[in-house]
Amino acid sequence: MIRRLWKFNGGVHLPGHKEESTHHPVRRAPLPKRLILPLHQHIGESAEAVVKVGDQVLKGQMIAHAKGFVSAPIHAPSSGVVVETGDLPVPHPSGLSAPCIVIETDGADQWAPLQTHGDYMQLDPSALRNIIREAGIVGLGGAGFPSFIKLNPGPGKVVNTLILNGVECEPYITCDDMLMREHAPDIIAGLRIIRHALHARECIVALEDNKPDAYAAMCAAAAGTDIQVVQVPTIYPAGGEKQLVKVLTGMEVPGNGLPIHIGVVCQNVATAAAVYRAVEYGEPLISRYMTITGGNISQPRNLEVLIGTPVKDLLDECGWNPGTLERLLMGGPMMGFALPGDGVPVIKTTNCILAMTAADSQPQRPVMPCIRCGACADACPVNLLPQQLYWHAHAKDLDKVQEYNLFDCIECGCCSYVCPSNIPLVHYYRYAKTEIWAKEREKQKAEAARLRYEFRLQRIEREKTERAAKHTQKKEELTAAPIDPSDTKKAAIVAAMERAQAKREEIKGGE
Ligand code: SF4
Ligand code: SF4
């Protein structure tokens, strides 16, 4: 059956640079000496360490548990000893340090006992979600949202369409392509598990029409099932969740809404493979496929990498030249970010390390004034008005940028890419978002301080009233009860109270 496809607005055709890293089969990266595990590798709250320096850990053992609902645990990617806990540089656009656990590996790579779960068809959705949560699985397509949450559509919500996203639209990145070529049966098995958890009516595996080998492998793995494997046109950013939903279903995910609001759930192909390994073998998420590529790399390829492996180990493995390195990115050239150095580790959401020379980075062209050509709006896949967003972000008018739906911007970079004036539009949007978040945090802090102050005043007032009431009660009890002549203490108190009252009246009379 040929599925009807729709188009989303805009998008751009980019040089793919995919073939460089797809010549070799994927192999495991060597076991690193040190694994650095940031506690924050996903959207939501950081995990909380459950090990301390000196602890021996086994491969697959939980070393940090999920803290809060939107969170995911972290597991030791290999056996060894915890040698450090504390703030270290992490892969984040801010370039800041954050809490990490460092494991010195012992070379034995010895697994902790794994718990298998039997036939998943006998498990109810909440049990499946729990297994996926405990395995620390997050969306491996880039966002890093804890996967078990997406597998809970909520009461009364029906999932009509489950989409497995294999549309790897950013240039240079090929890890999902290679995973589909090499592990298509695992991906389909994971898709079936996810379908069981969601009771999804139809299932689609989507990939671009520039991946014939992956397409053939996925079709073979899905043969004899009702799962549709669909090729979509190669245009950036067709792999964006909302864009892919539009292409496959013709429906628009509402701004500020989620695909589930229109009966759709999207998961990445690598996430499905991780779900399969967690449910079938009890394996937590401790490794992933990733691409190491760019003009600075002599043997660009995909490797299966343990989470926590320092980027430098991977660059060494694939042959880099520090002397000609111009830019080191985590992710692709459109949505990736510059790394603060090669000592940071890969995390669950790392799909690519891109090491570029001056020759393959886009030359910095001089920024010119906006000529109001409208090319940015034509390219925007979210139907925003990038030029207006730019004006208001430039003027620091944070209310206006929100009126122009800044937070619908997926930072795909299409607008910057087509801008003839070379305006780094996305930088302005990121800046505006950061400012708004900072202001929001300040507002929340001020509100919390105000509430604390009001509670304090209320408490002081309440305690004062309670003290006064107690005092009155005591006084009444003392004056009401007849005085026992043997109770000298009480008699003295009553006498004192009477003297005080007499004094007060005397003063009043003299006024
Ligand atoms: S593409 Fe650039 S020059 Fe053209 S309207 Fe947009 S911001 Fe202005
Ligand atoms: S970066 Fe934002 S504004 Fe620019 S094209 Fe992408 S979604 Fe539109």
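**Figure 1. Helix α7 lies across three strands of the predicted model.** In this predicted model, helix α7 comprises residues 311-318. The strands beneath the title's description are β13 (287-293), β14 (301-306) and β17 (352-356). Relative to β14, helix α7 runs at about 145°.

**Figure 2. An open sheet of six strands has mixed pairing.** The strands follow the order β1-β14-β13-β17-β15-β16. At the edges of this sheet are β1 (27-28) and β16 (337-338), each of which pairs on one side only. Strand β15, formed by residues 327-330, pairs with β16 in the antiparallel sense, and two bridges connect them. Which residue of β16 is the bridge partner of M330? The partner of M330 is F337.

**Figure 3. An open sheet of four strands shows antiparallel pairing.** Its strands are arranged in the order β2-β8-β7-β4. The edge strands are β2 (34-38) and β4 (56-57), and each pairs on one side only. Strand β7 is made up of residues 80-89 and runs antiparallel to β4, to which two bridges join it. In a closer view of this pair, Q56 stands opposite V81 of β7.

**Figure 4. Helices α1 and α6 pack at an angle of about 105°.** Helix α1 spans residues 125-134, helix α6 spans residues 269-281, and their axes are 9 Å apart. Angles of 65 to 115 degrees count as roughly perpendicular, and the two helices α1 and α6 are therefore roughly perpendicular to each other. On the side of α1, the contact is made by L128, I131 and I132; on the side of α6, it is made by V275, A278 and V279. How do the residues of this contact divide into nonpolar, polar and charged? Six are nonpolar, while none is polar and none is charged.

**Figure 5. Two domains are in contact in the model.** The domain assignment of the protein places residues 121-282 in domain 1 and residues 373-502 in domain 2. Taken over C-alpha atoms, the centres of domain 1 and domain 2 are separated by 40 Å. The contact involves five residues of domain 1 and six residues of domain 2. On the side of domain 1 that touches domain 2, two residues are nonpolar, three are polar and none is charged.

**Figure 6. Ligand 1 is surrounded by 14 residues.** The closest of these residues are C370, C373, C376, C419 and S421. Two or more residues of the shell come from each of the elements α8 (375-379) and α9 (386-394). Which element gives the most to the shell around ligand 1? Helix α9 does, with three residues. By class, the shell around ligand 1 contains 10 nonpolar residues, three polar residues and one charged residue.

**Figure 7. Ligand 2 is surrounded by 15 residues.** Those that lie closest to ligand 2 are C380, C409, C412, C414 and C415. Helices α11 (414-418) and α12 (425-480) each supply at least two residues of the shell. The element that gives the most is α12, with three residues. The shell around ligand 2 divides by class into 13 nonpolar residues, one polar residue and one charged residue.

Terms used:
Residues numbered from 1 in each chain as written. Chains lettered and ligands numbered in written order. Predicted model: local features only at pLDDT ≥ 70, side-chain atom pairs only at ≥ 80, totals over all residues. Axes fitted to C-alpha atoms, helices over the stretch in contact; angles between N-to-C directions. Parallel < 35°, antiparallel > 145°, perpendicular 65-115°, else oblique. Contact = placed C-beta atoms within 7 Å. Nonpolar A, V, L, I, M, F, W, Y, C, P; charged D, E, K, R; others polar. Near = placed C-beta within 6 Å. Domains from an automatic or database assignment. Pairing = 2+ DSSP bridges.
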